[in-house]
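This report is an introduction for a reader who has not met this structure before. The sequence and the structure come first, and a description of selected residues, cores and charged pairs follows.

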Amino acid sequence: MMEQIKQHFFTRDRAFYKDFFRMMIVVALQNLVAYSVNMADNIMLGSYSQDALSGAATVNQIFFMVQQFALSFGNALVVLASQYWGEKRTEPIRTLSGIALKFGILCSVLIIALCVLFPVPLLKLFTNSPEIIAQGREYLFLIQWSFGLFIVSSVLMAALRSVGVVNISFYISVVSLLVNVGINYTLIFGRFGFPEMGIRGAAVGTLVARILELIIVLLYIKYVDQRLHLFSKGFLTSDQRLRKDYINVYLPIMCSQVLWGISVPMQTAILGHLSKDAIAANSVATTFFQYLKVIVLAIASTSSVMIGNAIGRGDNQSIRAEARTLSVIGVAMGLFLGILLVLFRYPLLSLYSLTPSATKMALHILVIMGFVMVGMSYQMPVSFGIIQGGGDAAFTMKMNMISTWLIVMPLSFMAAFWWKWPVEAVVLVIQSDQFFKGIPTFIRFRSYQWMKKLTN
């Protein structure tokens, strides 16, 4: 009996490993390219004007919240659609995709209306500087129209991801990067005979890239995709049961995603009120951390699809073995990435001209982030990937709300402004949820009560 348990602790299905690593690598590359788009924008605007950089960064805080809504629409679709794909039933997936798209379009209209009607009050949530608000308003005037395009593209690519089609997302990200960087360079600085548009040039580049992204994914779905046939029978069908199923999955995911999204700029603001060196050290350390984090996000995203497919197939023993395998892959990858971050901290920091104090802080923060990477690489793929992907979105929502708003945020404020701890200790408190969330996540994971059949 013991031999049988050992034998089946990890899955022995070679196709599982092949599908997982193929999808994970492509998703990681897509995330990396998408992150590089923002980095390129920051570098070019930063070399043009500090006010332009700050104005774009302020508007990007609004876009960050748009991303959270887009992710929640897409992730809820993946949870349900991947189970139907495990059953090889595509018509319900098409109907669910139509439902998610309608919600996404409605959300887009509301967000764009807020930006059009109340641009200055929105920008004043993040800054009081008249110069930055003026630059931000110019940027927002064009960029607001890209919000809806981004949400629609995200939903359509989530539908494809739920049936294992991920290559197109990577290609779209590469095209977006090239177009965005090319137009930005041309219009921000006025190259090749074009007018110098500054921050408006960056907005044009992003808007054109978003339009191109949507056109490419629509053409792919219409003429290339052979799995989903999204625009055929069932796409815009009105199905009350599927709509109810989608809403039941979407609401906890949305609450978890959006409330976490609100906490991120607040955590950054805490460090921003400590010292200039703290801002610089955290900014540099976070940049390297985010580049490695894309791999963890890819593992979580791929795990959600794989587990959903397994539940759709209905083999409980296979689901458990695959889930255990995914959790161990996450930890192993986290150890590798954490060690990488710590070992290369000196050569990485040599790329920057920081004060001795900021350099020392950044070195310490990178070591902290190395340990955080290990905890996150278990917690995130298991909670957001396996448990949420397995149909138990409510657990992930409750855990994140309690940890973020009842534990981490109060402790972070107290550590920074009441106890006046060193910057490194404050960073550790802000990131501490990646450690203690691992305990309830492990307990829930080992109970296997997250395996929920959501298909009709």
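F192 is exposed, having a relative accessible area of 67%, and this value, like every other in this report, comes from a predicted model. The residue is placed in the loop between α7 (167-189) and α8, and its phi is near 55°, which is a positive value in a residue other than glycine. A second residue of this kind is K88, which has a positive phi of about 60° although it is not a glycine. K88 is found in the loop between α3 and α4, where it is exposed with a relative accessible area of 59%. As background, most residues other than glycine have a negative phi.

**The nonpolar interior**

In soluble globular proteins, nonpolar side chains tend to be buried together. Here the largest nonpolar core has 98 residues, and those with the most contacts inside it are L77, F147, Y246 and W450. Helix α3 (residues 50-86) provides the largest share of this core, namely 18 residues. A second core, separate from the largest one, has 33 residues and includes V284, I365, L366 and M409.

What does L77 touch, once its neighbours within four places in sequence are left aside? The contacts of L77 are S82, L96, S97, A100, V155, A158, A159 and Y246; of these, Y246 is also among the residues with the most contacts inside the largest core.

A323, in helix α11 (residues 316-343), offers another view of the interior. Its relative accessible area is 0%, so A323 is buried. Not counting residues up to four places away in sequence, A323 touches I307, I386, F445 and W450. A323 and V382 are 59 residues apart in sequence, while their C-alpha atoms are 8.2 Å apart in space.

**A buried serine**

S403 lies in helix α14 and counts as buried, because its relative accessibility is 2% and the cut-off for buried is under 20%. A polar atom of the S403 side chain lies 2.9 Å from the backbone oxygen of M399. Apart from its neighbours within four places in sequence, S403 is in contact with V408, D433, F436 and K437.

**A nonpolar patch on the surface**

Nonpolar residues are also found at the surface, where L114, V116, L117, F118 and W145 make a patch of about 510 Å². The largest share of the patch, three residues, comes from helix α4 (residues 91-117). V116 has its place in helix α4, and its relative accessible area of 42% makes it partly exposed.

**Salt bridges**

Side chains of opposite charge can pair when their charged atoms come close. A search of the whole structure finds eight salt bridges, and the table lists some of them with the distance between the closest N and O atoms.

| Acidic residue | Basic residue | N to O distance |
|---|---|---|
| E87 | R89 | 2.9 Å |
| E138 | R200 | 3.2 Å |
| D392 | K452 | 3.8 Å |

For the pair of E138 and R200, E138 lies in helix α6 (residues 130-162) and R200 in helix α8 (residues 199-223), so this salt bridge ties together parts that are 62 residues apart in sequence. E138 counts as partly exposed at 35% relative accessibility, and R200 is partly exposed with a relative accessible area of 40%.

Which parts does the pair of K452 and D392 tie together? K452 lies in the segment after α17 (438-447) and D392 in the loop between α13 (356-389) and α14 (393-418), so the pair ties together parts that are 60 residues apart in sequence. Is each partner buried or partly exposed? K452 is partly exposed, with a relative accessible area of 33%, whereas D392 is buried, with a relative accessible area of 3%.

Salt bridges that share partners also join E87, R89 and K453 into one network. Within this network, E87 counts as partly exposed at 24% relative accessibility, and R89 counts as partly exposed at 33% relative accessibility.

Note on methods
Residues numbered from 1 in each chain as written. Predicted model: local features only at pLDDT ≥ 70, side-chain atom pairs only at ≥ 80, totals over all residues. Heavy atoms only, no water. Core = buried A, V, L, I, M, F, W, Y, C linked by side-chain atoms within 4.5 Å. Buried < 20%, exposed > 50% of the residue type's maximum accessible area, 1.4 Å probe, protein only. Helix = DSSP H or I, 4+ residues; strand = E, 2+ residues; numbered from the N terminus. Contact = heavy atoms within 4.5 Å. Patch = residues over 30% accessible without salt bridge, like charges linked within 9 Å, V, L, I, M, F, W, Y side chains within 5 Å. Areas by Shrake-Rupley, 256 points an atom, 1.4 Å probe, with all protein chains shown as cover. Salt bridge = Lys/Arg side-chain N within 4 Å of Asp/Glu carboxyl O. Polar contact = N/O pair within 3.5 Å; in protein donor to acceptor, adjacent residues only side chain to side chain.
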